[in-house]
Amino acid sequence: MSRLIVVSNRVSAPTDPAAGSAGGLAMALSAALRKYDGLWFGWSGERVDHYTGEVKIEDRAGVTVGLVDLEGQDVDEYYNGYANKTLWPLFHHRIDLAQYERSYGEGYERVNRRFAEALAPLIQPDDMIWIHDYHMIPMARDLRRLGVRNRIGFFLHTPWPARQLLVTLPHHRRLVESMFDFDLIGFHTQEWSDLFTDYVVSEAQGELDGTGGLECFGRKVQTGVFPIGIDVDGFLAARNSALGARTYDRMAASSAFRSMIVGVDRLDYSKGLEERLLGYEQFLHDNASMRGEVFLLQVTPISRDDVDSYQDIRSRLDALAGRINGAFADMDWQPIRYLNRTYRRDQLAGIYRAARVGLVTPLRDGMNLVAKEYVCAQNPDDPGVLILSRFAGAAEQMGEALLVNPYSREELSDAIQKALTMPLAERIRKWEALMDVVRATDVGIWRDDFVRALQADESTSQPTQWAGAA
């Protein structure tokens, strides 16, 4: 079997499935590397004074990893700059927050070229290369320039922006043209795939070839829909572990006969956290009889704290949570427990299981695996209810959730009230349907579908939607 080389911005060593963090990408890639022999390549997370291009090879839990250090300027321009200040907000439809600076683009191109030059000598003739996410869009182009002719796939973990927004990016055409050096481009949903096709056809005068491929810039690329999932068996093991059970018991006792609503999100403006708190405030205003009977546990680990927009949202959330607590709290009840810390995966499983409502309301999200984790954690005999933003990629699959517009306070308020009062029979019916989706889109299916498509001969007709997207 061909060796698999996975390339991502950061290399997270494979861990005990029960101890993973809430992040979906690290767990998904760990699962892939447990099945396929190969190499995980990326930035070490370390800064050095002078870039050398040296690749440090390590063995981590039986997986070979290749690590490259970057200069401080590389990190500032490529990662903090172009990736997180330019592409991330743009891809999440926040062009008001996107910063377009020439030095950012230059650093992005430079680091992708450096990654390609460091990786190329390690590539064997039969290797497959699987590159991940918006940090690495030009890397296939740079590998091709170095003579690499292996099959190279790309998977985007974020949404793809609408054409009318993408054209605000300086050199947008050059960025998209570089993607035609991949053999396969994967998206979470048909919507993101269709938006990519719309840009190629409408802006770059490309053409659909009738087999799920696109022809443009004198080259052809295959596209596909591969919705990512969670490691279902691993998550169930985490839920049933000793720590998972203790956490559930602790949260059940802490609830003190109250219904808990839970939200778990990395601190980011795309997650709709301010809108969520305002919707919850509306619920407290609309349902005075339920005050004291319910509380919101919002777990929000801090991320990218050196980016100004993230510092701003942190300050606003601190103030908003404090204002709501000040207005509604009583001597024995606090409506919001707002925590800026990270919990282990088994702890999160216990928290999810104890929650009557899972509140997953991003303004825009590539998939959102918290929604699937919440469903997976539930007690089949007494499950909670998932409230899910219609703008999360997961909404395309999880129609039995209570789908909401996160921009509407009233809609969020009504959904919370409905979830808390939903009869048991209806909760069980919805949960069973959602759990079927979670199992049918397990991370192993995502992994196998993508690798199988990448292995396919270029002349083979391939549909635009693979089995894992069902």
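## Just past helix α7

Let's start at Gln 205, which comes after α7 and has a positive phi, near 60°. Keep in mind that this is a predicted model, so every number here is computed from predicted coordinates.

The helix before that residue is worth a look. Helix α7 covers residues 190-203. With 14 residues at 1.5 Å each, α7 should span 20 Å, and its end C-alpha atoms sit 19 Å apart, which agrees. Its buried residues are Trp 192, Ser 193, Leu 195, Phe 196, Thr 197, Tyr 199 and Val 200. What do these buried residues of α7 pack against? The partners are α5, α6 (172-178), β7, β8, β9 and β10.

## The ten-stranded sheet

Several of those partners belong to an open sheet of 10 strands with mixed pairing. Reading across, the order is β3-β4-β2-β1-β5-β6-β7-β10-β9-β8. At the edges are β3 (56-60) and β8 (207-208), each of which pairs on one side only. Helix α7 packs on this sheet and touches β7 (184-187), β8, β9 (213-216) and β10 (219-225). The direction of α7 makes about 25° with that of β9.

Further along the strand order, β5 (residues 128-132) and β6 (residues 152-155) pair in the parallel sense, with 4 bridges between them. One residue-level match is Ile 131, whose bridge partner in β6 is Phe 154. Another helix, α16 (residues 443-455), lies across β5, β6 and β7 and runs at about 125° to β5.

## Aromatic pairs

There are 21 aromatic pairs in the structure. One of them is Trp 88 with Tyr 134, a tilted pair with 5.7 Å centre to centre and 50° between the planes. Trp 88 sits in helix α2 (residues 72-91), while Tyr 134 is in the loop between β5 and α4 (139-145), so this contact ties together parts that are 46 residues apart in sequence. Both Trp 88 and Tyr 134 are buried.

Trp 160 and Phe 196 also pair, this time edge-to-face, at 5.2 Å centre to centre and 85° between the planes. Here Trp 160 comes from the loop between β6 and α5 (163-166) and Phe 196 from helix α7, so the pair links parts 36 residues apart in sequence. Are these two rings buried or exposed? Trp 160 is buried, with a relative accessible area of 0%, and Phe 196 is buried with a value of 0% as well. The two rings also belong to one aromatic cluster, made up of Phe 91, Trp 160, Phe 180, Phe 187, Phe 196 and Phe 217.

## Arginines over rings

Two arginines sit over aromatic faces. Arg 10 lies over the face of Trp 43, at 5.0 Å from the ring centre. Arg 337 has its charged end over the ring of Phe 295, 4.0 Å from the centre of that ring.

## The six-stranded sheet

Now for another open sheet, this one built from 6 strands in the order β13-β12-β11-β14-β15-β16 with parallel pairing. Which strands are at the edges? They are β13 (336-339) and β16 (402-404), and each pairs on one side only. From one strand to the next, the twist averages 20°.

Inside that order, β11 (residues 259-264) and β14 (residues 357-360) run parallel and are joined by 2 bridges. Val 262 stands opposite Gly 358 in β14.

## Two more positive phi values

His 171 has a positive phi, near 65°, in a residue other than glycine. His 171 is found in the loop between α5 and α6, and it is exposed, with a relative accessible area of 55%.

Asn 368 is also a residue other than glycine with a positive phi, near 95°. Its place is the loop between β14 and α13 (369-377). Is Asn 368 buried or exposed? Asn 368 is buried, with a relative accessible area of 7%, whereas His 171 is exposed.

Notes: Residues are numbered from 1 along each chain as its sequence is written. This is a predicted model: local features need pLDDT of at least 70, side-chain atom pairs count only at pLDDT 80 or more; totals for chains, interfaces and linings use all residues. Side-chain values use heavy atoms; hydrogens and water are left out. Two strands pair if DSSP finds at least two bridges between them. Contact means heavy atoms within 4.5 Å. Axes are lines fitted to C-alpha atoms, for helices over the stretch in contact, and angles run from 0 to 180 degrees between N-to-C directions. Rings of Phe, Tyr and Trp (its six-membered ring) pair if their centres lie within 6.5 Å; planes under 30 degrees apart count as stacked, over 60 as edge-to-face and the rest as tilted. Buried means under 20% relative accessible area, exposed over 50%, partly exposed in between (1.4 Å probe, protein chains only). A charge sits over a ring if NZ of Lys or CZ of Arg is within 6 Å of the ring centre and within 35 degrees of the ring normal. The expected span of a helix is 1.5 Å times one less than its number of residues.
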